[in-house]
Every structure is written in structure tokens, then in C-alpha cells.
Amino acid sequence: MSARSERTLRGIPTKPYDLLLEGILVLALVMALVLVLAALFGSPDSPTVRARDVARLQPLAFVRTTARMLAGSSALSGYGPPYTHDPANAQRLLGVAPANWFGVTEPVAPARDLVLAPLERAAVLDPSLAAPLAAFRGATVAQQRAWARAYLGAVGKAEVSGARVVVPPGAYGPVPALMNGMLRLGRSGLLTGALEAGQRHPYALDLSRALLFFQGSVDHAVARSLNMTGNRWGISHETGPYPGAWWLWPYTFLYQVPPMASSPNGDLQVVLIVLVALVLLPLFLPFVPVLNRIPRWIPIYRWIWRSWYDRHR
Amino acid sequence: MNLTQRFQRVLQRNLTLEDALPTRMPVYVDSLAYLFGAGSLMALVELVASGVVLAAFGPSWYHHRPVGRFVNSLHFWGVQVFFAALVLHMAAKFFMAAWRDGRWPTWAVGMLAFFVALFTGLTGYLAQTNFDSQWIAVQSKDAINAVGGGSIFNPMNLGQVLTLHVVVLPLVIVGLVGVHLFLIRRDGPVRPLPDTKAAEAGR
């Protein structure tokens, strides 16, 4: 024994022990448990949401999502750092907005990067898009958004005719043509490639733009159908009847509690509570009065060391 | 005294071979509660082993080939067993007040390993490359961005997520667990709390 062990364990009777045997037995137990669980239940693997499938199966949801980008009403429009230059919209607490300290590090302009740039790429193969694109680009931003808003208002009355969404007559400018161009691009399966083609480093594995495109109502609709929105415990469900990240419940549960549940600064509030209550407090718990006495009040230790106490009774 | 001699002296003072690989234990180490730590450690071994196989063959294999799907299932259930054992281990150590007699560093390093494991779990969910990954990526980004973390970690960047999950975070966890185990074996198992019931009976 080391000098330190001699000191700390002086006077304590010992018994024979085999560390390696215990390790091997526990490993065997864990392996057996995992093997049985994997063999019996497998693992969840819900298919990804693909632009092609959304465009083909839910064309109205597709054009609605796309038109919101042009109208400036998507969740990404005005998001603030790290995506857009809207520091006023960064989450803040007591006037402090940590996101603004780091600025826009992943710049995304929803209308330009997620709609117009892919359409320009598509226009190389689909010349009918050139004129509507030129008309849209020639208009003021206010006009562009007004057209897109009018179109969004009409989508509810739209009809799907083959591969086209047909809206009732109205003042939409070139937006219907652009939306049907995006729909064709989506149905072709080339939209994701067109979105990622615009990223800074073309060989990277950064899927931000493709994921941000459907982060709104489309992803939520799929998540709802898979019972993944987490109304009670927060988003820690797994797809299907599998256990999810239940160890995050203390964190995700905070999203169900006022004021975080409805506050526009809810994420920042939750993260700060987690940092104090679930990180710093447990880390320094041995020095926190009252909390460090709890083990003495709840006699679980008496069960753990019952043979020791019996021995000394 | 040269550097090697100094290191020998440090080991003699803190961790002899008998400390590192003990053949005797204090008699009070006599409960299932002592096995939860070993359970989480062995689940970590299972996770590293199944993770190495998954990393070697890649996402297409573990989505579309039966053997790949099975190894993916081994990894998935390994995570569940790992966190179950870890939570039980942490609860047991809390109710034993295992930080006593100068063992706070062991407690703190264990906590840090737990926090890194949580982040590793998140990157694992993101690396599944299925709808779960898409959903968690777009949902988790808001909390990360709110504190400015979006400038250094982007959950939608699969390249970053994969390298973190497969290389960086496992190395950090294994390093922290190594320090945790060193401290555990250096200090030995904490003595039982005073038996208040017996003390009251004898009063």
C-alpha cells in the first residue's frame, strides 16, 4: 500500500478482493444485458425528412415554408446572431445578450440563400425561371415581401395540379412562378444540393441550410406525428417506443415551467438555470450547507453499510 | 534526484501496484451500491468497442446493413445502460457523502466526466443521421445560440458533430475517467458515516 493508503485505511479490517474478476463479471453482465436488449428491441431509425418527399407529398406545406422565407416571416428571418444581423432579437436576460458578444458567425439570409440562390442554380436548367427571378430581383424589398405575404394568404385556397400549386388570381407578382420553380427543384431531389452548394466550403459536411429550411412547420408536423414534441417532459423523446435521452429530463422539463415555457428568452433562462442549479451546484455540493447534510438525514447509507454497522453493534 | 526518481516517489506516496490493482478491500465495501460505478465503466467499455466498429464502417452501413443495424442497437442500448448505471452510481455516492475526508476532487472530476458524457450523448443523437438527428439539431441550436455557443458549436454541422463524437469527446471522457479512477484508488473507499442510530441507542 502507498503511504497515503496506509494513512487513510489505518485500523480498518480488510478482506480478500479480486478487482479483475469483479471487472470481468460486471463487463459480462453489461454485455449480456446490452445484447439481449439490442436483439429484442433493435434501435430507432426514423427516415430523414427530405426536400423531395416534402415537395411531392406535402406541396402546400413546401410552398408555404418557401414563401415565408421571401415574406420575411420564417423563424430564421430576424433570428439574430449567429445567423442574421438582428442583434435586437438575440435572447437576453437583464439586458445582457451573450449571443451578441460573438456576432454573426454563420451568416444566412433566408430569402437570398435558401430560395433565390437555389432558384438561380435551377434557372440554368430551367430557363422559364429567368424572367420571374429578374422581376422579383428588380422589385423593392417591401414589394417582394408584399407579394410573398399575399401569396401566403392565398395558399390556403390553392389547388395542387400535377406538380404545380395554383393559387386564385391576386397581386403576387412573380411569386407563384418562383414557388412552382422551387417545387420542381424540390421534387427533383436537387434542392438539398442547391442549398449546400452555396456554403463557404463546398467540401464540408455542414448541413445547416438544408436543416434550417424545414426547421419550422414541416419538421414540427413530422415530430408531432412521431410524438416527439415533448409537451410534458420536453424534447427528450426518441422516435417510436424507445427510451430517449431521459437523463436530460431535469433540463428539458424547465421548458414546461413558466416563465421559460412562453418567454422569447426561454432558452437563455433555461441554460442559466441549468448552469447554476445542475452544473455549479452539484459540482460544489460538498461545500453547500444543508445540501451536504442531506445524506445524513436520509438513511440510505445505513442500507449500503449495513454489514459494517451490524458488525459494530 | 532525477525526474524518474521523483515520479517513482510520487507513485510510492500515492498509488502503489496494490492500490492500482487491489487484492484486499476494507470490510465495509460490501454492497451492490459499489457495483454501479463498475457498471458505468464497463458500459463505457462497451460503448467504445461498439463505437469503434460503427466509426470504422460508417453511417451507410449502420443504417442499411443488418449487421450494421445490430451494432448500432448495441451502441444505443449501451448508452441507456451507461446512463442508468451512472445515475445510480452518482446517487449512491451522494447518499454515502462520498466527498468526505478530502475526496472532493474525486467527486468534481466525476461530475465533469458526467457533464462531458451528456454532451457526448447529444452529439451521438446528432450523429445518428436520421429524423431524430434533424429534429434535435434544429431544436438544440436555439439554446446553444442563446448563450453564444453557436459561434463554436453548430449542431447542424455533421462534420463537426461526427469528429467531436467519435474522437474528441471520447478522449476527454476517457481522460477524465482515468483521473477519476486514479483519485479513487489513491484515496481508497470512503469510511462509513457515523452510525447515528447506534450512537443514539447508546446515549
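In this predicted model, the contact between the two chains draws on 82 residues from chain B and 79 residues from chain A. On the chain B side, helix 5 of chain B chips in the most, with 15 residues. Sorted by class, the side of chain B that touches chain A splits into 45 nonpolar, 23 polar and 14 charged residues.

Helix 5 of chain B also turns up in the packing inside its own chain. One of its partners is helix 3 of chain B: helix 3 covers residues 35–57, helix 5 covers residues 66–95, and the two pack at an angle of about 155 degrees with their axes 8 Å apart. Angles over 145 degrees count as roughly antiparallel, and that makes helix 3 of chain B roughly antiparallel to helix 5 of chain B. The way helix 3 of chain B passes helix 5 of chain B is a left-handed crossing. Counted by class, the contact of these two helices of chain B has 16 nonpolar, 10 polar and 1 charged residues.

Another partner of helix 5 of chain B is helix 6 of chain B, residues 104–127; here the packing angle is about 160 degrees and the axes sit 12 Å apart. With that angle, helix 5 of chain B is roughly antiparallel to helix 6 of chain B. This crossing, with helix 5 of chain B passing helix 6 of chain B, is left-handed. From helix 5 of chain B, the contact is made by B:Val79, B:Leu86 and B:Met90, and from helix 6 of chain B by B:Phe114, B:Ala117, B:Gly121 and B:Gly124. By class, that comes to 5 nonpolar, 2 polar and no charged residues. In the loop between helix 5 and helix 6 of chain B sits B:Ala97. This residue has a positive phi of about 45 degrees, even though it is not a glycine.

Zooming out to the domains, chain B is divided into domain 1, residues 32–82, and domain 2, residues 97–189. Their C-alpha centres lie 16 Å apart. Where the two domains of chain B touch, 5 residues of domain 1 are in contact with 6 residues of domain 2. Helix 3 of chain B gives the most to the domain 1 side of this contact, with 3 residues. That side of domain 1 of chain B has 5 nonpolar residues, with no polar and no charged ones.

Now for chain A. Its secondary structure adds up to 17 helices and 3 strands. The radius of gyration of chain A is 28 Å, well over the 20 Å that the globule rule gives for 313 residues, so chain A is more spread out than a compact globule. Measuring tape aside, the C-alpha trace of chain A spans about 90 × 50 × 35 Å along its principal axes.

Chain A also has cis peptide bonds to point out. One joins A:Pro81 and A:Pro82, with omega at about 10 degrees. A:Pro82 lies in the loop between helix 4 (59–71) and helix 5 (98–102) of chain A. Another cis bond runs from A:Pro258 to A:Pro259, and its omega is near 0 degrees. The spot where A:Pro259 is found is the loop between helix 13 (249–253) and helix 14 (266–283) of chain A.

Note on methods: Residues numbered from 1 in each chain as written. Chains lettered and ligands numbered in written order. Predicted model: local features only at pLDDT ≥ 70, side-chain atom pairs only at ≥ 80, totals over all residues. Axes fitted to C-alpha atoms, helices over the stretch in contact; angles between N-to-C directions. Helix = DSSP H or I, 4+ residues; strand = E, 2+ residues; numbered from the N terminus. Parallel < 35°, antiparallel > 145°, perpendicular 65-115°, else oblique. Left-handed = near helix turned anticlockwise from the far one by under 90°. Nonpolar A, V, L, I, M, F, W, Y, C, P; charged D, E, K, R; others polar. Domains from an automatic or database assignment. Contact = placed C-beta atoms within 7 Å. Rg over C-alpha atoms; globule rule 2.2 N^0.38 Å.
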